[in-house]
Amino acid sequence: MENPLNTSTYKIKDFSNVAFGGILILFWLAALVLNVFLLNKCDNQLIIIISLTLFVVGTIILCAIHLKGGSVEISITEKYMGLKWIKKPLFLKKQDMNIRWGNIKNYIFDEGSRSETFKLILKDNTKIKLVHSYSYKKSDFRKFKQAFKDKVNSVNLEGLNKIELGKTIYEGISGIILAIVIIIALISIIILMAKNPDRALSTNPFLMVLVFGGGFSYLFKILIINLHKLNK
């Protein structure tokens, strides 16, 4: 029987990356189609209207998904960490569970530009993920993060289990390989554009912004994270 005095409870909103990603793809596709037709001065008014409608609807749904999410109550006790779902995120299957500290292999707190992801990997390779959006003000995520780290340190000191801090994609080999591929791809695009400036001028600027913006964003993040790691 757990001592209630040794139990801490935190209410956290869980952001649905799956739903957000799907709507984001719809949003960008609508914007790209609209951009292509406007640049080519499309005379088909119906297509332009449909594109505009998709763009506006996508924006509205994107904002709604961003503001909504699941809600979970997390309990940290002497023996386990409990997850009890008050409201499940859209399109995701989530189950209530009690995870014993001895069953945890490693964990990750991955800070992003708009959210922070908490990943838990158990010894049977079960993966648990919670995503905290920075727009959620009424959430105990920060308090939970500190309490979880304190409990992990306590478990490790007691020698009951060795819970390790895992690596994000930006710190692992796969992240480095992806960064090299992105660098090669961007350099290749720049060389091709330099050799054929006329074709470069006719290239959709929206697409170029999307490609270079995404590439440099990833490279900047992986650089900052690894420099921070070296300075520790």
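In this predicted model, helix 4 covers residues 173-195, and its length can be checked by simple reasoning: at 1.5 Å a residue, its 23 residues should span 33 Å, and because the C-alpha atoms at its two ends are 33 Å apart, the expectation and the model agree. Along helix 4, the buried residues are G175, A179, I182 and L186. I173, which also belongs to helix 4, has a relative accessible area of 64% and is therefore classed as exposed, since the cut-off for that class is over 50%. I173 also takes part in a nonpolar patch on the surface, which is formed together with I169, I177, L178 and V181 and has about 460 Å² of accessible area in total.

Attention then turns to charged side chains. Side chains of opposite charge can pair when their charged atoms come close. Counted with a limit of 4 Å between a side-chain nitrogen of Lys or Arg and a carboxyl oxygen of Asp or Glu, the salt bridges in the model number four. One of them joins E78 and K151, whose closest N and O atoms are 3.4 Å apart. E78 is found in the loop between strand 2 (70-76) and strand 3 (80-87), whereas K151 is found in helix 3 (residues 141-158), so this salt bridge ties together parts of the chain that are 73 residues apart in sequence. The two partners also differ in their exposure: E78, with a relative accessibility of 43%, is partly exposed, while K151, with a relative accessible area of 12%, is buried because this value is under 20%.

A further salt bridge is made by the side chains of E116 and R142, with a distance of 2.8 Å from N to O. Because E116 lies in strand 6 (residues 115-122) and R142 in helix 3, this pair ties together parts that are 26 residues apart in sequence. E116 is buried, its relative accessible area being 0%, whereas R142 is partly exposed at 45%. E116 also meets the side chain of K145 in a salt bridge, here with an N to O distance of 2.6 Å. This second contact of E116 again links distant parts of the chain, with K145 in helix 3 and E116 in strand 6, 29 residues apart. K145 has a relative accessible area of 11% and is thus counted as buried. Taken together with E111, the residues E116, R142 and K145 are linked in a network of salt bridges.

Helix 3 also contributes to the aromatic contacts of the model, as the example of F144 and F148 shows. A pair of aromatic rings is described by the distance of the centres and the angle of the planes. A search of the whole structure yields twelve aromatic pairs, and among them is the pair of F144 and F148, in which the ring centres are 5.8 Å apart and the planes form an angle of 45°, an arrangement described as tilted. F144 and F148 are four residues apart in helix 3, which means that about one helical turn separates them. F144 is buried, with 0% relative accessibility, and F148 is likewise buried, with a relative accessible area of 0%. Both F144 and F148 belong to one aromatic cluster, whose other members are Y10, W101, Y107, F109, F118 and F141.

Terms used. Residues are numbered from 1 along each chain as its sequence is written. This is a predicted model: local features need pLDDT of at least 70, side-chain atom pairs count only at pLDDT 80 or more; totals for chains, interfaces and linings use all residues. Side-chain values use heavy atoms; hydrogens and water are left out. The expected span of a helix is 1.5 Å times one less than its number of residues. Buried means under 20% relative accessible area, exposed over 50%, partly exposed in between (1.4 Å probe, protein chains only). Patches are made of residues with over 30% relative accessible area and no salt bridge: like charges are joined within 9 Å, nonpolar side chains (Val, Leu, Ile, Met, Phe, Trp, Tyr) within 5 Å. Accessible areas come from the Shrake-Rupley method with a 1.4 Å probe; for residues, only the protein chains shown count as cover. Rings of Phe, Tyr and Trp (its six-membered ring) pair if their centres lie within 6.5 Å; planes under 30 degrees apart count as stacked, over 60 as edge-to-face and the rest as tilted.
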